[in-house]
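Here are some short exercises to try with the model open beside you. Have a go at each task before reading its solution.

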Amino acid sequence: MTSVHPTAPRPSDGPGPSGPPAPAGRPGPAERPAPSDGPGPDAGPRPANGAYRTAEARTAVLAGIGYWLPPTVLTNDDLGPRVGTSAEWLRSRTGITSRHVAGPGTATADLAVEAGRRAMASAGIDRVDLVLVATTSPDRVCPATAPDVAARLGQPQIAALDVGAACSGFLYGLAVAGGMIASGAAGRVLVIGAETLTSLLDPGDRATSAIFADGAGAVVLRAGRPGEPGSIGPVVLGSDGAASDLIEVPAGGSRDPGPGTPDSPGARYLSVSGPEVFRLAVKRMTEVSHRALAEAGWRLPEVDRVVAHQANAHILAAVGRKLGVRPDRMATNIQHVGNTSAASIPILLAQDADDGRVKPGDRVLLTAFGGGLTWAATTLVWPTSTSTSTRPPPPTADAYRAGTSGGDAEGHVPDGRGPNAHGANGHGRNGPGADAHRSDAHHTDAHHTDVHRTDAHRPDAHRTDTHRTDAHRTSG
């Protein structure tokens, strides 16, 4: 596994007695991944040359957060007849009772734009230096999705790139963003996890159709000081390409450019080797979590909240048991959100913050496992937050491109109601009205972070801390 420390040391004015200083932000020595069965400040104005210089150590600090779920909800009662099974069978195998799905014509970029817009509003900023989009379901093979997202967010000509690490992609994105901030190449970075995984599913496959869903979550990271609230700890990364076929979409790349053949029509769909993925997901998330805690100098009893990739309820329960973490400290929203791959951690973080389940000063462990195979973990002390709320601007036209009903081409909503969790009655967490999509904007600086959440499609029903322990089928 590889540890990425997103903190740059204070630069030297010249070579010291031992020679020139090491390059800022260089990761620690890389450790070869073990075989599958082995043990496993507010940045201020942007300089003309795009580079930021500082006389102090820099680290990535959480400054804003937001998410977006498409309004269409697919329940087990809806899905069961399509895949030839009962709603209870689907729930018992996955812990999921409903999930959000993107409507026809809705792409990953549409969801990413809405989540990114809310994260930037949360941070009180209108410009960033880099946009990263972690996704397994990009809009196209070429070009990347991130440049389109950046342009639609009013960030033309900045650096923008996709991160392809499946369900671990958001944490890989945090590592990339932290390195860019530590090196001085960026002062503010927007990291988005976004998926339209339902576009990759065989509609008749009950195993994958029951698990995977669509959505997007985003955070804004800014340059700050090591140790201040909101600073991202060392990010530990690992992979095992020898097991790449355990979670895959076989067709569509250079190895098999076609969308599948008459003899193998399923090649264009996502496939998951359930039992083996279950075993490795529990093993790797447990191992990488211990490694991240050690790198941060934390002990497990000091952790207030574990935010793991929402693979399925049984994996989450097993990881909690292996770590020795009480169920009430294991964050989960999978019952009503499903597995949104790279989007699952930022969506869950935003919902936990909105519910008050994570509080200022809480020590949070983030951990993930996904296709590749890949795995990752990091730590975070939750920054100061307030309940101050401001009425948001009207939803953008992009919200309606993303499948929201009830608005015109300019994004104006009849009778003042914002998009809502169920896409029909206009009732979100706070009942009818635009407050269901409130944006809380503020100023952040190098010494203080007030994170205000933006609420997208957030009914109270979208939370559960229940875990089932019987394992049958899983996914990464």
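**Exercise 1.** At roughly what angle do the axes of helix 7 and helix 8 cross?

*Solution.* First, a note on the material: this is a predicted model, where local features need pLDDT of at least 70, side-chain atom pairs count only at pLDDT 80 or more, and totals for chains, interfaces and linings use all residues. Residues are numbered from 1 along each chain as its sequence is written, and side-chain values use heavy atoms, with hydrogens and water left out.

Step 1: find helix 7 at residues 274-296 and helix 8 at residues 313-323; their axes cross at roughly 40° and come within 9 Å.
Step 2: helix 7 is therefore oblique to helix 8 (neither under 35 degrees, over 145, nor 65 to 115).
Step 3: list the contact (heavy atoms within 4.5 Å). Helix 7 brings F278, A281, V282, M285, T286, S289 and H290, and helix 8 brings H314, I315, A318, V319, K322 and L323.
Step 4: sort this contact by class, which gives 8 nonpolar, 4 polar and 1 charged residues.

**Exercise 2.** Describe the lining of the largest cavity.

*Solution.* Step 1: pick out L62, F170, L174, V219, L221, I232, L349, L366 and L380, which line the largest cavity (on a 1 Å grid, points where a 1.4 Å probe fits but cannot get out; lining residues have an atom within 4 Å of a point).
Step 2: look for shared elements; helix 5 (169-183) and strand 9 (214-224) each supply at least two of the lining residues.
Step 3: classify the cavity lining: 9 nonpolar, no polar and no charged residues.

Definitions and conventions
Axes are lines fitted to C-alpha atoms, for helices over the stretch in contact, and angles run from 0 to 180 degrees between N-to-C directions. Helices (H or I, at least four residues) and strands (E, at least two) are DSSP runs, numbered from the N terminus. Ala, Val, Leu, Ile, Met, Phe, Trp, Tyr, Cys and Pro count as nonpolar, Asp, Glu, Lys and Arg as charged, and the others, Gly among them, as polar. On a 1 Å grid over the protein atoms alone, a cavity is a set of points where a 1.4 Å probe fits but cannot get out, and a pocket is an open set with protein on both sides within 12 Å along at least five of seven lines; lining residues have an atom within 4 Å of a point.
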